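Dear colleague,

Below I am handing over the structure we spoke of, and after it you will find what I found on going through the coordinates.

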Amino acid sequence: MARASPYPMANDLPGRSAAGWLALAWASFIVLPWYQVEGGLLSFDWLARPAEAAPAILLSLNGRLWLLPLILPLLLASWLVARRNLPGLATAGAAGLAWLAIEGFSIIHSGWGFAWLGHLASTPGPVQPGLGWGAVLYALAMLMFIAEALAARGWCKGDRFVVGSLLIVIASLILFVAYPLLSILASAIEDNDGNIVPALFAEKLFSANIWSLRCLYGDASCGVAWNTVAIAVLVGFFCTALGLALALIALRTRLPAKWLLRGLSILPIITPPFVIGLALILLFGRAGIVTNLLSEHLGIPRSRWIYGMAGITIAQVLAFTPIAFLVLAGVLQGVSPSMEEASQTLRASRWRTFSTITWPLIRPGLASAFLISFIESMADFANPLVLGGNFNVLSTDIFFAVVGAAHDQGRAAVLAIVLLGFTLAAFVIQRRWIGSRSYVTVAGKGDGGVPATLPKGLRIGCYAAVVPWLLLTVVVYGIILGGGFVQSIGRDNTPTLEYFLTAFSVEKGVNGWFLSGSAWPSLLMTIGLALVAMPFTAALGILTAYLLDRQHFAGRTMFEFLAMMSFAIPGTVVGVSYILAFNVPPVQLTGTGLIIVISFIFRNMPVAIRAGLANLGQIDKSLDEASLTLGARSFATLRRVILPILKPAIVTAMIYSFVRAVTAVSAVIFLATGRFNLATVYIVGRADVGEYGIAIVYSAVLIVVMMIILIGIQLLVGERRLGRRRAEAQAVVAPI
């Protein structure tokens with residue numbers, strides 16, 4: 001008889017959840033299809049063709065005897081559950097996962113998965129296709145056996161939900177982040193023939209093209225690494241400053257029509273990134289609208305200043321400031337007005353109140369906003385591709401190393417390692433700047449205070465920073481929204497619907513109305529996949545943030561960095577790494593919609609994590625403790641207490657996930673197929689052949705559709721209610 005755990009959670013309904021996972025494991029092994037059939041993992045073609053996707057036990061009896069050892073962990077788990085020996089389930093779960101991985105990687109579609117096995121056996125080897133639903137659920141059950149065992153041993157205070165969630169998140173990150181990246185980074189020490197050459201790796205890593213500083217003392221350009229860091233620092237600073245100014249104006253002033261301000265600030269995030277670069281070229285290029293006006297009326301000579309560092313920085317600031325605004329608005333909402341009122345009661349000036357109370361409390365948000373903007377800039381591919389000219393950055397060099405004539409995959413891997421190094425450095429600096437101080441502002445006590453009025457100088461500074469940005473945003477989006485409805489913007493402004501009807505026409509045929517425009521299939525497919533990925537991205541990101549903020553476990557820092565890693569890698573590297581990792585068994589996903597959804601989830605999840613951490617840092621842990629004291633489990637506490645207060649983070653996660661899924665370019669351009677063609681791939685294809693009118697009108701339609709869906713997301717989630725009075729309804733009394 002197993003010794004009772006001292007933790008109440010571990011002994012609550014002993015063995016019942018373990019028995020449920022055991023039943024699922026047996027069902028996955030003897031009922032569900034073990035292998036995929038044509039149509040992919042999400043296909044249910046196996047219902048019509050059961051012989052091609054038989055359960056594992058039938059496949060074993062039909063010659064695939066390497067699957068038979070998988071039944072041994074099930075027998076061991078059945079014996080342990082019957083004896084209520086939950087700690088022993090760790091052995092069964094680990095054995096099942098280990099053998100599943102060994103046989104899956106050792107035997108693939110073409111025979112032996114490792115060359116040494118072929119030499120050892122002297123035969124071509126058996127074959128097997130990619131794993132299907134049976135194998136997936138079997139692996140999940142084995143993982144939950146380990147969770148049950150660890151909870152029974154007292155891990156995380158015996159809370160099965162916390163332990164299980166932690167293991168699921170870690171396993172997901174290993175499979176869909178670490179494994180694909182290792183697949184491509186391993187090629188950094190290989191030549192193009194697959195031979196391991198460490199000297200070649202050192203030569204590429206310390207190349208002058210990466211680290212040269214000749215721009216500081218000569219006419220040559222700097223290395224691509226320093227170019228990337230310089231732009232990322234500038235973009236991080238400007239995005240954080242503008243995002244804070246927007247948040248302060250939106251939440252701490254009585255500016256009328258704030259909904260218009262919020263709408264303008266959100267526009268760049270719902271736009272395909274290369275379209276902003278295209279609009280800037282139409283405005284400031286050698287033949288641009290503004291350039292023509294300045295040349296004709298002021299005699300200013302034409303130039304190519306927009307191509308290079310200046311153009312990339314402007315485009316990225318326009319594109320990424322809304323992300324900083326969303327993060328900082330949620331953090332600023334959580335600052336307790338009562339603290340600011342206490343400061344003013346002690347006769348502190350408005351400026352002193354802001355600098356000593358408000359500013360320190362929003363430091364986690366500032367750090368998160370800068371980190372996100374910095375990483376976004378380093379990983380951005382579209383804007384440097386359009387506006388870079390002769391100014392190279394890491395992301396574009398990686399792209400051309402992969403798809404260029406040289407096709408040097410090893411160089412691409414080396415550049416990706418450099419990019420990871422810079423990201424890790426930014427991550428460490430951010431953690432040190434925040435430190436171990438407490439930023440709690442939301443506790444269980446009532447808070448009816450009114451947010452402090454901004455100092456006059458700060459208010460003027462915010463307007464001075466925001467107004468030019470908003471004006472440029474209006475002009476850029478005027479180009480985007482109107483450019484597709486004229487013959488040639490800036491040259492022939494004759495109105496036309498030609499481009500719109502080519503892309504989005506609707507006609508009536510023999511069987512009724514149908515969508516005849518060439519853009520409809522890609523638009524509907526993109527919206528559908530983005531909506532599927534959105535809730536999973538938000539849920540996984542917020543859950544990860546909850547585990548990082550509320551739980552203490554070994555390897556927590558490494559876990560957080562692993563969760564942020566996919567955000568730091570350029571989409572080109574993510575796309576290629578997914579092809580290398582998931583093109584062959586055991587996890588065969590290429591050519592399916594599932595691989596696109598997975599890339600959306602893990603590419604965009606880090607923003608949900610950062611937003612969740614910034615908001616959780618303001619919530620007093622006494623709320624969790626009070627809920628647990630009243631008998632609620634951690635899942636109920638998370639659902640009833642924490643999530644309602646995290647609504648700003650949830651909205652940020654859902655909006656960012658949906659928008660980035662719709663506007664993604666660099667990763668999906670490798671993953672899209674004829675069946676799963678996406679909007680951005682369609683737009684790039686049209687732009688490549690010079691059909692800018694169709695590309696712009698498609699972008700305009702995307703903006704309108706996404707704006708409608710984002711409004712729906714905001715209405716669905718709602719706003720958090722902290723029981724505070726609105727500043728507009730109260731007379732604010734504060735010293736000048």
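**Helix pairs**

In this predicted model, helix H24 (residues 520-550) and helix H30 (residues 647-663) have axes that come within 8 Å and cross at roughly 145°, and the crossing is right-handed. From the side of H24, the residues that take part are Thr-526, Ile-527, Ala-530, Leu-531, Ala-533, Met-534, Thr-537, Ala-538 and Ile-542, and they meet Ala-649, Ile-650, Ala-653, Met-654, Ser-657, Phe-658, Ala-661 and Val-662 in H30. Sorted by class, this contact of H24 with H30 has 14 nonpolar residues and 3 polar ones, with no charged residues.

One residue of H30 that I would look at in detail is Phe-658. Its relative accessible area is 0%, so Phe-658 counts as buried. Leaving out residues up to four places away in sequence, Phe-658 touches Ile-527, Ala-530, Leu-531 and Met-534, and also Met-706, Ile-709 and Leu-710. The C-alpha atoms of Phe-658 and Ala-533 are 7.5 Å apart in space, although the two residues are 125 residues apart in sequence.

A second pair is formed by helix H11 (residues 224-252) and helix H15 (residues 309-333), whose axes come within 6 Å and cross at roughly 45°. H11 and H15 are therefore oblique to each other, and their crossing, too, is right-handed. Where H11 and H15 are in contact, the residues by class are 22 nonpolar, 6 polar and 1 charged.

**Helix H16 and its surroundings**

Helix H16 (residues 337-345) has as its buried residues Pro-337, Glu-340, Ser-343 and Gln-344. Viewed down the axis of H16, these buried residues fall within an arc of 120°, and so they line one face of the helix. The cover over the buried residues of H16 includes H11 and helix H17 (350-361). Just after H16, the backbone at Arg-347 takes a positive phi of about 70°.

**Backbone values to check**

Most residues other than glycine have a negative phi, and most peptide bonds are trans, so the following places may interest you alongside Arg-347, whose phi is positive.

Two of them are in the loop between helix H7 (133-152) and helix H8 (160-185), where Cys-156 is found and where Lys-157 lies as well. Cys-156 has a positive phi of about 50° although it is not a glycine, and for Lys-157, also a residue other than glycine, phi is near 60°. As to accessibility, Cys-156 has a relative accessible area of 21%, so it counts as partly exposed, whereas Lys-157, with a relative accessible area of 65%, is exposed.

The peptide bond from Pro-585 to Pro-586 is cis, with omega near 10°. Pro-586 is placed in the loop between helix H26 (571-582) and helix H27 (593-616).

**Two further residues**

Arg-459 has its place in helix H22 (residues 456-483). With a relative accessibility of 26%, Arg-459 counts as partly exposed. Neighbours within four places in sequence aside, Arg-459 is in contact with Thr-253, Thr-453 and Leu-454. In addition, the C-alpha atoms of Arg-459 and Ile-249 are separated by 7.6 Å, while these two residues are 210 residues apart along the chain.

Thr-291, for its part, lies in helix H14 (residues 289-298). At 9% relative accessibility, Thr-291 counts as buried, the cut-off for that being under 20%. Again leaving aside neighbours within four places in sequence, Thr-291 is in contact with Leu-283, Phe-284, Gly-285, Arg-286 and Arg-302.

**The chain as a whole**

For the overall picture, the protein chain contains 33 helices and 6 strands. Of its 736 residues, 53% count as buried. Among the contacts in the protein chain with a separation of 6 or more, those between residues 24 or more positions apart account for 76%.

With best regards

Methods
Residues numbered from 1 in each chain as written. Predicted model: local features only at pLDDT ≥ 70, side-chain atom pairs only at ≥ 80, totals over all residues. Heavy atoms only, no water. Helix = DSSP H or I, 4+ residues; strand = E, 2+ residues; numbered from the N terminus. Buried < 20%, exposed > 50% of the residue type's maximum accessible area, 1.4 Å probe, protein only. Contact = heavy atoms within 4.5 Å. Axes fitted to C-alpha atoms, helices over the stretch in contact; angles between N-to-C directions. Parallel < 35°, antiparallel > 145°, perpendicular 65-115°, else oblique. Left-handed = near helix turned anticlockwise from the far one by under 90°. Nonpolar A, V, L, I, M, F, W, Y, C, P; charged D, E, K, R; others polar. Arc of directions from axis to C-beta.
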